[in-house]
Amino acid sequence: MTTPAAAIDRTAKLPRQIPYIIGNEGCERFSFYGMRNILVPFLVSSLLLAYLPESERGGAAKDIFHTFVIGVYFFPLLGGWISDRFFGKYNTVLWLSLVYCAGHACLALFEDSRAGFYTGLFLIALGSGGIKPLVSAFVGDQFDRSNKHLAKVVYDAFYWIINFGSFFASLLMPLFLREYGPSVAFGIPGALMFVATIIFWSGRNKYVHVPPAPPDPHSFLRVVRTALFAHAPGQGRAGLVVFGIGAVLAAGALAWLVRDDFVIAVLLALGLLMAAGGIGASMQIDRARGVHPAHAVEGARAVLRILIVFALVTPFWSLFDQKASTWVIQGGAMTMPHDQWWWPSWLVKAPAQMQALNPLLVMLLIPFNNLVLFPALRRMGMEITSLRRMGAGIAFSGLAWIVAGMIQLAIDGGDAVSIAWQIAPYALLTLGEVLVSATGLEFAYSQAPPSMKGAIMSFWMLSVSYGNLWVLITNAAVRNEAVTTQIAGTGMTENAFLMFFFAVFALLTALVFALYARRYPMQDNYRAA
C-alpha cells in the first residue's frame, strides 16, 4: 500500500544536524577501512599464523578476514533490535562506539597474541556492526516528507564521505604497516574512531530523536507467526509444511557442520529458517487478516518482498569484499611498474594500496552519475529506477571478475603482469558498487514500514554476511580432493577457476534480479512532516 504523497517544500534546506552525522561517518569509515584493508597482509606476515606452512597462510588469512566481515554485518541484527525496542538509535550508536574503540585498542596492543587480537576483532565486529544500520537510518530520521527530496542528496553525500575516509585509509595504512609496524597502523584507526565518537556526541542536542517503538502486537514477526500457524477452514497448511521442512534442514545443517565450522553452520541454519519462514508466510499471509489490521499484514507482505531483493544482492557482496582478500593476494604475485614514468612510486608501494582506487572512483562516479549520466539517460526516455541500478551493478561486478580471472590466467601462465592491470577490474567493480550499495541504502529506508526501519537496515547489512558466507563455503569446497580434481580437469588453477565461478554467479543473479524487479511494487515510507 503506497502512502499518499505530501507537499514537498522545494525551498527547504538541509537539516543543521546533518554535518555532525556526516563528520562522524567520515572518521568512523577511516577507522574501519584503515584496519580492514591491512588485515590480510598483516595476518599473512604476522606471528599469529606462524604455526601454518607459508603456502597455507594466504587461505587462512582469507578465512579470518571473511569471518570477521560476516561478524561485522551479522551484528546489525542485534544493534537494530536493541535500538528499535529499548534505547533508540542515538544511545545505541554512542555506547557501541565505545565498544568499537576498545576493539581498536586491542588490535594495537596485542599484535602477537592470538587471544588479544581476535578479541579486538570481535569487539570491532560488535561495535561497527551494531551501529552500522543505525547511522544510515538515523540520517533518514532527520527528514520528513516535505524535504525528503534532499535525502537522496544526503545519502549520496553520506556514501561519498564514507569513501573519502576509505580512500585515505586504504592509501596510507598499508604504508604505516610497512614502515612503522602494526601497533601504529592499528592505533591510528583507533584514534580516528574516538574522534568519530566525540563528533557524534557533540550534535546530541540538535538531532531528531525518533523514540523506540513500544512492543507491537502487530509486528512483522507476529504477523508472520500468525500466517504460518493460523487454521483456515477447508484449506491445507502448505506454508507451515514448507517452514517445517526448512526447520528440519536447518537443524540438520547445524548438527552436521557445527563441529567443522561454527560460522558456516549457524549462518546456513539461520538462512534456511528465514527462507522457509518467508516462503511459508507468503503462501498464507492472508490468514493473518482479522487477527491483525490490514496495514500490518500489508507491511509484512512488503518486508517479505524487500527480503527477496536483499537475498538477490548477496552474490554482489561475495565479489565485492574479496577485493580486500583475493585481489590483494593476487596483487602480491604481480609486479609494481616502478620503471614507468606515470606510476607514483613515491606513494604506491604495496599491493594492498590498490584498494584506494575503489573509494577514489566512488567519489568521482557518484557526482558523474547524478549530474551527467542519469540526466542524459532520462532525456533519452530511460527512467533509471533504484532496482534497475542495483541489477546493473550486480552485472558490472560479474564483468569485473571476468577481467580479474583473465589477469590470473596470465599470472598462472608465467607472465610478469603489472599490477596496473588491476585498475580495470577495480573500475568495473566500483561502478557496480555505486549502483548497488549507495542505491540500496536509500531503497532500504524508503521501503521499510515505520516500525521496522532499524531492523530492515539490519537485514540489508545481513546480506553482506551471506555474501561472505558464499566465499567461506567456496573456499572450504576447494579443499575437497574431488573438487580440486574437477578444477584441475579444466586446465585452470584454483584461483583462476574461482574467479570465473564468482563472475558467472553474479551474472546469473543479475538476470534473476532483473526479472524480479519488473514485478516489485515500490513504496513511500518516509515519515509525515
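Tutor: A polar contact is a pair of N or O atoms within 3.5 Å, one able to donate a hydrogen and the other to accept it, and for residues adjacent in sequence both must be side-chain atoms. Please keep in mind as we go that this model is predicted.

Student: With which side chain does the side chain of R36 make a polar contact of 3.3 Å?

Tutor: That partner is N37, whose side chain pairs with the side chain of R36 at 3.3 Å. A polar contact of 2.6 Å also joins the side chains of R36 and D321.

Student: In which helix does R36 lie, and is R36 buried or exposed?

Tutor: Burial is read from the relative accessible area, and under 20% counts as buried. R36 lies in helix α1, and because its relative accessible area is 1%, R36 is classed as buried.

Student: Which residues does R36 touch, not counting those up to four places away in sequence?

Tutor: Leaving out residues up to four places away in sequence, R36 touches F65, V69, D321, K323 and A324. D321 therefore appears twice in our reading, as a residue in contact with R36 and as the partner in the 2.6 Å polar contact, given that contact asks only for heavy atoms within 4.5 Å.

Student: Turning to the empty spaces, how many cavities of 30 Å³ or more are there?

Tutor: A cavity is a space where the probe fits but cannot get out. The count comes to three cavities of 30 Å³ or more, and the largest of them holds about 320 Å³ of space. Of the 25 residues that line the largest cavity, R29, Y33, Y73, K132 and I162 are the closest to its centre. The elements that give two or more residues to this lining are α1 (18–36), α5 (114–141), α6 (151–180), α11 (294–320), α15 (423–447) and α16 (453–477).

Student: How do the residues of the lining of the largest cavity divide, and which residues line the second largest cavity?

Tutor: The lining of the largest cavity divides into 13 nonpolar, six polar and six charged residues. The second largest cavity holds about 90 Å³ of space and is lined by K152, D156, I366, N369, N370, F374, R389, V434, L435, A438 and T439, with at least two residues each from α6, α13 (357–379) and α15. By class, that second lining has five nonpolar, three polar and three charged residues.

Student: What volume does the largest pocket have, and which element gives the most to its lining?

Tutor: A pocket, unlike a cavity, is an open set of points. The largest pocket has a volume of about 1300 Å³, and of its 43 lining residues F220, M274, A275, L307 and F459 lie nearest its centre. Two or more lining residues come from each of α4 (76–109), α8 (220–229), α10 (262–283), α11 and α16, with α10 giving the most, 12 residues. The lining of the largest pocket has 28 nonpolar, 10 polar and five charged residues.

Student: Which residues are the closest to the centre of the second largest pocket, and which element has the largest share of its lining?

Tutor: The second largest pocket, with a volume of about 930 Å³, is lined by 41 residues, of which V44, R57, G58, G59 and I329 are the closest to its centre. At least two lining residues come from each of α2 (39–45), α3 (54–74), α6, α12 (326–332) and α18 (494–517), and α3 has the largest share, nine residues. This lining divides into 19 nonpolar, 11 polar and 11 charged residues.

Technical notes. Residues are numbered from 1 along each chain as its sequence is written. This is a predicted model: local features need pLDDT of at least 70, side-chain atom pairs count only at pLDDT 80 or more; totals for chains, interfaces and linings use all residues. Side-chain values use heavy atoms; hydrogens and water are left out. On a 1 Å grid over the protein atoms alone, a cavity is a set of points where a 1.4 Å probe fits but cannot get out, and a pocket is an open set with protein on both sides within 12 Å along at least five of seven lines; lining residues have an atom within 4 Å of a point. Grid points are joined across faces, edges and corners, and a volume is the space filled by probe spheres set on the points. Helices (H or I, at least four residues) and strands (E, at least two) are DSSP runs, numbered from the N terminus. Ala, Val, Leu, Ile, Met, Phe, Trp, Tyr, Cys and Pro count as nonpolar, Asp, Glu, Lys and Arg as charged, and the others, Gly among them, as polar. Buried means under 20% relative accessible area, exposed over 50%, partly exposed in between (1.4 Å probe, protein chains only).
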